[in-house]
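Please work through the exercises below with the sequence and the coordinates open. Each task is followed by a solution in steps.

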Number of protein chains: 2
Amino acid sequence: MKITIADIARMANVSKATVSRVINNKPEGVSKETRENILRIIKESGFQPSMVARGLVTKKTKSIGLIITDIANSFYPLLVRGVEDYANKYGYSLFLCNSDNNPEKEKGYINAFIEKSVDGVILSSSMNETSFHYNILKSKNIPLVVLDRCVEGDQYDASVFFDNTKGAYIAANYLVNRGHKKIVFISGPKSLIISRHRLDGYCMALEEKNIEIDEDIIVEGDFQFDSGYNRIIELLDKGKEFTAIFACNDLMAIGAIMALKSRNIEVPKQVEIIGFDNVDISRYIEPQLSTVGQPAYEMGVEGAKQLIKLIEGKKISNKDIILKPNLVLRETTI
Amino acid sequence: MKITIADIARMANVSKATVSRVINNKPEGVSKETRENILRIIKESGFQPSMVARGLVTKKTKSIGLIITDIANSFYPLLVRGVEDYANKYGYSLFLCNSDNNPEKEKGYINAFIEKSVDGVILSSSMNETSFHYNILKSKNIPLVVLDRCVEGDQYDASVFFDNTKGAYIAANYLVNRGHKKIVFISGPKSLIISRHRLDGYCMALEEKNIEIDEDIIVEGDFQFDSGYNRIIELLDKGKEFTAIFACNDLMAIGAIMALKSRNIEVPKQVEIIGFDNVDISRYIEPQLSTVGQPAYEMGVEGAKQLIKLIEGKKISNKDIILKPNLVLRETTI
């Protein structure tokens, strides 16, 4: 038979509220004697307070909500592992949600998190600002950490971003220093802030060397393989000339390689290519992809670290953490 | 100010228990008049019962626990998406946990799920039998669905497995029919039941054509790239002869391709290769990998479908669902 708080209260001849106070370690108004008697009865009866029951009193459920755009996108599994590993170490469980870049779905998850009384939320947002999320979570005292996808303003409690401008800059700068003047830029969706930051980095590197920005070879993809492939085929069909490509993620860079191969253009001899993210696949293709390393696992760990500090009322020394890029040179560059 | 059940009870001049009964649609012992009065007050006050508070009465939290071995293993993201998509459609949220093939970690997650009063559990187990999980969950009336990793016995409420024997059989049979007699078999960890099933399928195909099973070219990997690479290098160094390879996952198959390339052995001209899983990477490498298709997304969907039926007390027409393999022929076979 399952033992309840009511049973313990009856056995100890106290109210259920008193039992709850003892279970949740809030000793005000409970005598030491009563407290010890209740603890003894709990121990002897084998009673296990459920997290749900405890959550009503402590207001803590030891659960965290995480929203990403799509776990099947190869950047996210490592980030999610980073969050889960750190959260698990501190006894938190993780609700995983995929927004598919759909703001309405994202808002629905936030509401579900509130219904489930999560202790905190980590968000890689499909929106460029997070006031909806922040306001509703703040009203419930639930901290919000944003990561990966940059947002405008500061409608969050902490953030972990990657230095996207710098990442694009070091890639473009490498290509510029190799003597390239016609460098295709395959952007992510232009509506995203990270896409603008990466374009900024690309432009900075070119402008530093007084290379004219050619709008005709700045094209927009959607982070999928096919868009990288198609944009390059289109440029070739239009007769546009270029000797290097910088793609804003690895999948599009791989699409670009395949497009060049289909036209018998040699990589890296005729066209050098750099991608972005350093996902696993980039090591397995041929030639192996040179790319900008985004520390996805570390980003997940740092995000969880920030959030758990906030949940536990500890001070965070740095509200905004910026992770630094590194250039991983393999075989698509010389 | 946050409105609580106590406030509603005070305003309606009834007990908190009565308010709970009305909120949770359990009308016994509450007059129609009282019920309508309470609902009116709830509506006017803007009171929102939290899922945690509601969970105490309905015993439902609308959350599902999912344990896989590692989200960073490229087979799992699609499976997790399948579970999450289906669960989300029915209003369930998903706790994601990575066991790293560690039985103790797996048990810890099961205990955490019970503390969090999840409504059901989906498990890809690192253990060959699930009596620990089943007994403890059964005692709390929490249904258990196992998927992906086969288990011995029937210590679960429903299962979704892939026909691993058949999958290995069709791959080996294809190679046998192409005239190969020396086919390397790179197994997963031999301790896993799926590894044994795949070996069974391989042996069946060879025995059907009276081809002798050569234990020397049956080797064990760990599902990682490096093990595929190393096993093939070892066989080459020992001077073992073979003309085809069947690897129990795509990562090991890709490792095998790289090993052959490093020795200037041409794929598929000199050695044909078939992998297992059909993960994304298999389309991006060169030559593109022929492989056995495992419908990971569908497995996730079917698992969630089984579990939600069980949670909602509906009949499942088929306790054990077996998903069928298909052979995806690309460029590593002729």
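The exercises that follow treat the chain arrangement, the cysteines, and the strands and helices.

The model is predicted, so local features need pLDDT of at least 70 and side-chain atom pairs count only at pLDDT 80 or more, while totals for chains, interfaces and linings use all residues. Residues are numbered from 1 along each chain as its sequence is written, chains are lettered from A and ligands numbered from 1 in the order in which they are written, and side-chain values use heavy atoms, with hydrogens and water left out.

**Exercise 1. Determine which turn and shift lay chain B on chain A.**

Step 1. Superpose the copies by least squares on the C-alpha atoms of residues with pLDDT of at least 70 in both.

Step 2. A turn of 180° with a shift of 0.0 Å along the axis lays chain B on chain A, and the RMSD is 0.1 Å. This is the relation of a two-fold axis.

Step 3. Turn to the interface. Of the interface residues of chain B, 100% are also interface residues in chain A, so the two copies meet through the same surface.

**Exercise 2. State how many disulfides the whole structure holds, and explain why Cys97(A) forms none.**

Step 1. A disulfide is a covalent bond between the sulfur atoms of two cysteines. The criterion is a pair of cysteine sulfur atoms within 2.5 Å.

Step 2. Over all chains, the search finds zero disulfides.

Step 3. For Cys97(A), the closest cysteine sulfur belongs to Cys97(B) and lies 14 Å away, which is too far for a bond. Cys97(A) has a relative accessible area of 1% and is therefore buried, where buried means under 20% relative accessible area, exposed over 50%, and partly exposed in between (1.4 Å probe, protein chains only).

Step 4. For Cys248(B), the closest cysteine sulfur is that of Cys203(B) at 11 Å, again too far for a bond. Cys248(B) is buried, at 0% relative accessibility.

**Exercise 3. Identify the strands that pair with β4(B) and decide whether its faces are covered or open.**

Step 1. Helices (H or I, at least four residues) and strands (E, at least two) are DSSP runs numbered from the N terminus. Two strands pair if DSSP finds at least two bridges between them.

Step 2. Strand β3 (residues 120-123) of chain B pairs with β4(B) in the parallel sense over three bridges, and Val121(B) stands opposite Leu144(B). Between β3(B) and β4(B) the chain passes through helix α7 (residues 131-139) of chain B in a right-handed β-α-β crossover. Right-handed means that, with the strands pointing away from the viewer, the path from the first strand over the helix to the second runs clockwise.

Step 3. Strand β5 (residues 158-162) of chain B also pairs with β4(B) in the parallel sense, over three bridges; Leu147(B) stands opposite Val160(B).

Step 4. Strand β4 of chain B covers residues 144-147, and both of its faces are covered: Leu144(B) and Val146(B) are buried on one side, Val145(B) and Leu147(B) on the other.

**Exercise 4. Give the strand order of the open six-stranded sheet in chain A, then locate helix α9 of chain A.**

Step 1. The order is β7-β6-β8-β9-β10-β12, with mixed pairing. The edge strands β7 (218-220) and β12 (326-328) of chain A each pair on one side only.

Step 2. Helix α9 (residues 193-208) of chain A lies across β6, β7, β8 and β9 of chain A, at about 170° to β6(A). Axes are lines fitted to C-alpha atoms, for helices over the stretch in contact, and angles run from 0 to 180 degrees between N-to-C directions.

Step 3. Ser195(A) belongs to helix α9 of chain A and is buried at 4% relative accessibility. Leaving aside residues up to four places away in sequence, Ser195(A) touches Ser187(A), Gly188(A), Pro189(A) and Lys190(A), contact being heavy atoms within 4.5 Å.
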